[in-house]
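User: Please explain how the descriptive terms used for this model are justified.

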Amino acid sequence: RASGYRGMWQRVPIGPCSFISPFNFPLNLAAHKVAPALAAGCPFVLKPASLTPIGALIIGETLAETDLPKGAFSILPCRGDGARLFTEDDRLKLLSFTGSAEVGWDLKAKAGRKPVVLELGGNAACIVDKDANLEDAVDRIIFGAFYQSGQSCIGVQRVLVHEEVYGDFKDRFVAAVSNLKSGNPHDEDTFIGPMISEKEADRLHGWVKDAEARGANLLAGGNLDGKMLEATVLDNVPEDCDVVQEEAFGPVAVLSRFTDLDAALRSVNKSRYGLQAGIFTRDLYKAMRAWDILDVGGVVVGDVPSWRVDHMPYGGVKDSGLGREGIRWAIEDMTETRLLVIRDAP
């Protein structure tokens with residue numbers, strides 16, 4: 001049936017795209033959307049977070065100095081209630097949103113027929129097996145839990161440590177956390193800076209106090225001063241506490257122990273989120289089992305789930321999102337396949 005015919009295909013731009021980026025990495029996370037759009041040939045409108053628009057405006061200033069055609073891009077800072085215009089307009093052929101799960105899924109429901117890419121929240125877990133290098137694991141999890149003052153969707157929130165090394169890990173971890181300097185981010189020695197708003201700091205502090213009231217042990221931190229929440233460590237936290245179940249998005253880590261790896265993997269999966277997870281183990285079979293079992297978008301072996309590079313497929317499952325970012329995967333989302341069939345001359 002196909003004799004005498006030949007076919008080929010090309011990817012063509014999907015059309016004008018709508019981008020909404022978050023506050024926590026205002027330059028980088030905007031660039032994750034802008035660069036693939038330029039490569040794919042898609043004009044775009046970008047709404048940066050209303051609290052941190054400057055990074056996106058710098059991108060806009062840079063693009064304005066190029067020979068891109070008029071109308072190739074627009075950077076439009078506005079309040080969150082302006083997102084409706086970026087979502088519902090049928091002239092926009094794709095919506096890519098990075099932010100909270102609640103807002104993201106609501107926007108998807110209103111987006112109509114256009115494809116939607118969602119990079120949403122998480123409460124990332126990290127497993128520390130009994131064969132792990134504890135010095136390295138503590139060092140990396142300190143970074144993963146508290147960089148950006150914990151305001152990262154792949155920040156380490158839950159730390160599951162094998163029973164045989166739990167005490168040693170806990171002592172090392174708490175000591176390291178207690179030495180973290182809080183203060184002005186302009187000071188190079190500062191590791192913990194302010195949260196984005198007093199409202200968010202009050203919310204997370206309330207979750208910590210609720211966990212304490214329900215029997216959790218406060219091992220480090222826990223104090224609040226305006227937007228400044230100390231680097232905080234808890235253990236013995238009931239599983240249904242908000243600080244375990246929801247996205248903390250702040251400088252709080254919850255420790256727990258396990259004796260069986262499969263049980264630990266099931267515990268990681270008992271979350272409505274599924275962005276990335278980390279596992280410190282030297283056992284290849286355990287690493288591969290984690291990759292097979294964990295219901296997340298990515299598994300990082302020998303490091304924290306907070307590790308990311310721009311060209312990897314990045315995204316989550318469950319309430320953590322839909323689709324993948326990363327240059328190749330974003331370009332695929334921003335293009336469509338167009339087929340050409342040629343019949344041989346009779």
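**Helix H5 and its surroundings**

Analyst: At the start of H5, a side-chain oxygen of Asn 133 lies within 3.1 Å of the backbone nitrogen of Glu 135. The model is predicted: local features need pLDDT of at least 70 and side-chain atom pairs count only at pLDDT 80 or more, while totals for chains, interfaces and linings use all residues. Residues are numbered from 1 along each chain as its sequence is written, and side-chain values use heavy atoms, with hydrogens and water left out.

User: What makes the span of helix H5 close to the one expected?

Analyst: The expected span is 1.5 Å times one less than the number of residues. Helix H5 (residues 134-146) has 13 residues and reaches 18 Å from its first C-alpha to its last, close to the 18 Å expected. Just after H5, Gln 148 takes a positive phi of about 60°.

User: Why does Leu 261 count as buried or exposed?

Analyst: Buried means under 20% relative accessible area, exposed over 50%, and partly exposed in between (1.4 Å probe, protein chains only). Leu 261 has 11% relative accessibility and therefore counts as buried. Leu 261 belongs to helix H9 (residues 261-269). Leu 261 touches Ile 127, Ile 279 and Lys 286, not counting residues up to four places away in sequence; contact means heavy atoms within 4.5 Å.

User: Why does Leu 339 count as exposed?

Analyst: Leu 339 counts as exposed because its relative accessibility is 61%. This residue is found in strand S19.

Notes: Helix = DSSP H or I, 4+ residues; strand = E, 2+ residues; numbered from the N terminus. Polar contact = N/O pair within 3.5 Å; in protein donor to acceptor, adjacent residues only side chain to side chain.
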